[in-house]
Amino acid sequence: MSTCYTFFVNANRRKEMEAEKRSTEQRNPRTYHFDQVSTLEMVQLMNSEDKKVAEVVKNNLVHIAKLIDEIYNLMKKGGRLIYIGAGTSGRLGILDASEIPPTFGVENNLIQGIIAGGSTALQNAVENAEDDKTQAIQDLKEVNLNENDFLIGIASSGTTPYVFEALRYAKSKGINTGSITCTENNMISQVAKFPIELITGPEVITGSTRLKAGTAQKLVLNMISTCIMTKMGKVYSNYMVDLKITNKKLYQRATNMLMDILEISQPEAQDLLQQANENVKAAIVMKLVGVSYTESVELINKNNGKIREVVEIDG
């Protein structure tokens, strides 16, 4: 390797490290005495810093909306959304993915989360996992990542090797990619086709990106999955009408939905829910359109799961 090339590579790495230091690793001057203040002052300081997170997300709404539309277009064709990350970022991706099936009634693999170090890393730190580039590629192969999928890399620093390599590999295969990071012009943003940079600044505790950075990432993940599911017809008005009734609480939630939407009594709602085989969507269409359960399911499927279109056309 030539001296000039070595200098160029080292200079670039120094710039990356400086960028990281300016943001997620920088000391917060407002919390220098955090360990010396009262408990009330501690929580006030944290609350004050947290208030800034929503504004950071607001500044990225255009980019977030564009990312959502790109993912939705792929999902309409049968694609999946895959999150990949390490540490807190990886756990947040898995958390978001795991909450989608019970909330919106979709199959478990439609939105998936991958974390460096595997399932063990969900509760325990796995040494050097975030630096393992080879494993990143192997993990993507294990979920059969393909051109119909959308891969989002999540990394506060924007420099995590595991995430960078995953995105680089996906890009080489012609797979659409996005990223959620918390530093400017970082290496992960540069390799992702649809990058989102949430510049949350210094943490209350220096380098503890499970705080503001993690909160910002969670807010964006909430937006991504919720908006995609809504666009897929899993939401009617602001009701999660595709929920799976697996316990008493969810049965009551489904009953309440029917009572509110259809303006009927609880006994009527429960009877209708039984006739609809505990399918809230079918129950709504049966009542508003005046069709049988079988006919309601056919209408819903014909309109890609969007009952508003069924009701507005036939109701």
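# Exercises on helices, cysteines and loops

Let us begin with a cysteine: Cys227 is partly exposed, at a relative accessible area of 34%. Here buried means under 20% relative accessible area, exposed over 50%, and partly exposed in between (1.4 Å probe, protein chains only). The model is predicted, so to speak of its limits: local features need pLDDT of at least 70, side-chain atom pairs count only at pLDDT 80 or more, and totals for chains, interfaces and linings use all residues. Residues are numbered from 1 along each chain as its sequence is written, and side-chain values use heavy atoms, with hydrogens and water left out.

## Exercise 1: the cysteines

Find how many disulfides the structure holds, and work out why Cys182 is not in one.

Solution.
- Step 1. A disulfide is a pair of cysteine sulfur atoms within 2.5 Å.
- Step 2. Start from Cys182: the closest cysteine sulfur is in Cys227, 19 Å away, which is too far for a bond.
- Step 3. Now start from Cys227: its nearest cysteine sulfur is that of Cys182, 19 Å away, and Cys227 is in no disulfide.
- Step 4. The structure therefore holds zero disulfides.
- Step 5. Look at the surroundings too: Cys182 is buried, at 0% relative accessibility, while Cys227 is partly exposed at 34%.

## Exercise 2: helices α5 and α6

Describe how α5 and α6 pack, and state which residues make the contact.

Solution.
- Step 1. Two packed helices are described by the angle between their axes and the distance between the axes.
- Step 2. Locate the helices: α5 covers residues 133-142 and α6 covers residues 161-172. Helices (H or I, at least four residues) and strands (E, at least two) are DSSP runs, numbered from the N terminus.
- Step 3. The angle is about 50° and the axes are 8 Å apart. Axes are lines fitted to C-alpha atoms, for helices over the stretch in contact, and angles run from 0 to 180 degrees between N-to-C directions.
- Step 4. Angles under 35 degrees count as roughly parallel, over 145 as roughly antiparallel, 65 to 115 as roughly perpendicular and the rest as oblique. The two helices are therefore oblique to each other.
- Step 5. The crossing of α5 and α6 is right-handed. A crossing is right-handed if the near helix is turned clockwise from the far one by less than a right angle, and left-handed if anticlockwise.
- Step 6. On the α5 side, the contact is made by Lys133, Gln135, Ala136, Ile137, Asp139, Leu140 and Lys141; on the α6 side, by Pro161, Tyr162, Glu165, Ala166, Arg168 and Tyr169. Contact means heavy atoms within 4.5 Å.
- Step 7. Sorted by class, these residues are seven nonpolar, one polar and five charged. Ala, Val, Leu, Ile, Met, Phe, Trp, Tyr, Cys and Pro count as nonpolar, Asp, Glu, Lys and Arg as charged, and the others, Gly among them, as polar.

## Exercise 3: helices α2 and α8

Repeat the description for α2 and α8, then place Thr215 in the picture.

Solution.
- Step 1. Helix α2 (residues 39-58) and helix α8 (residues 212-231) cross at roughly 40°, and their axes come within 9 Å.
- Step 2. These helices are therefore oblique to each other, and their crossing is right-handed.
- Step 3. Glu49, Asp50, Val53 and Val57 of α2 meet Lys212, Thr215, Ala216, Leu219, Val220 and Met223 of α8. The classes are six nonpolar, one polar and three charged.
- Step 4. Thr215 sits in α8 and is partly exposed, at 33%. Not counting residues up to four places away in sequence, Thr215 touches Val53 and Arg210.

## Exercise 4: Thr160 and Leu272

Decide whether Thr160 and Leu272 are buried or exposed, and list what they touch.

Solution.
- Step 1. Thr160 lies in the loop between β3 (150-155) and α6, and at 8% relative accessibility Thr160 is buried.
- Step 2. Leaving aside neighbours within four places in sequence, Thr160 is in contact with Ala86, Glu130, Ala155 and Ile188.
- Step 3. Leu272 belongs to helix α10 (residues 266-275) and is buried, at 9%.
- Step 4. Not counting residues up to four places away in sequence, Leu272 touches Leu262, Ile264, Ala283, Met286 and Lys287.

## Exercise 5: a positive phi

Find where Asn144 lies and what its phi is.

Solution.
- Step 1. Asn144 is in the loop between α5 and β3.
- Step 2. Its phi is positive, about 55°, although Asn144 is not a glycine.
- Step 3. Asn144 is exposed, with a relative accessible area of 57%.
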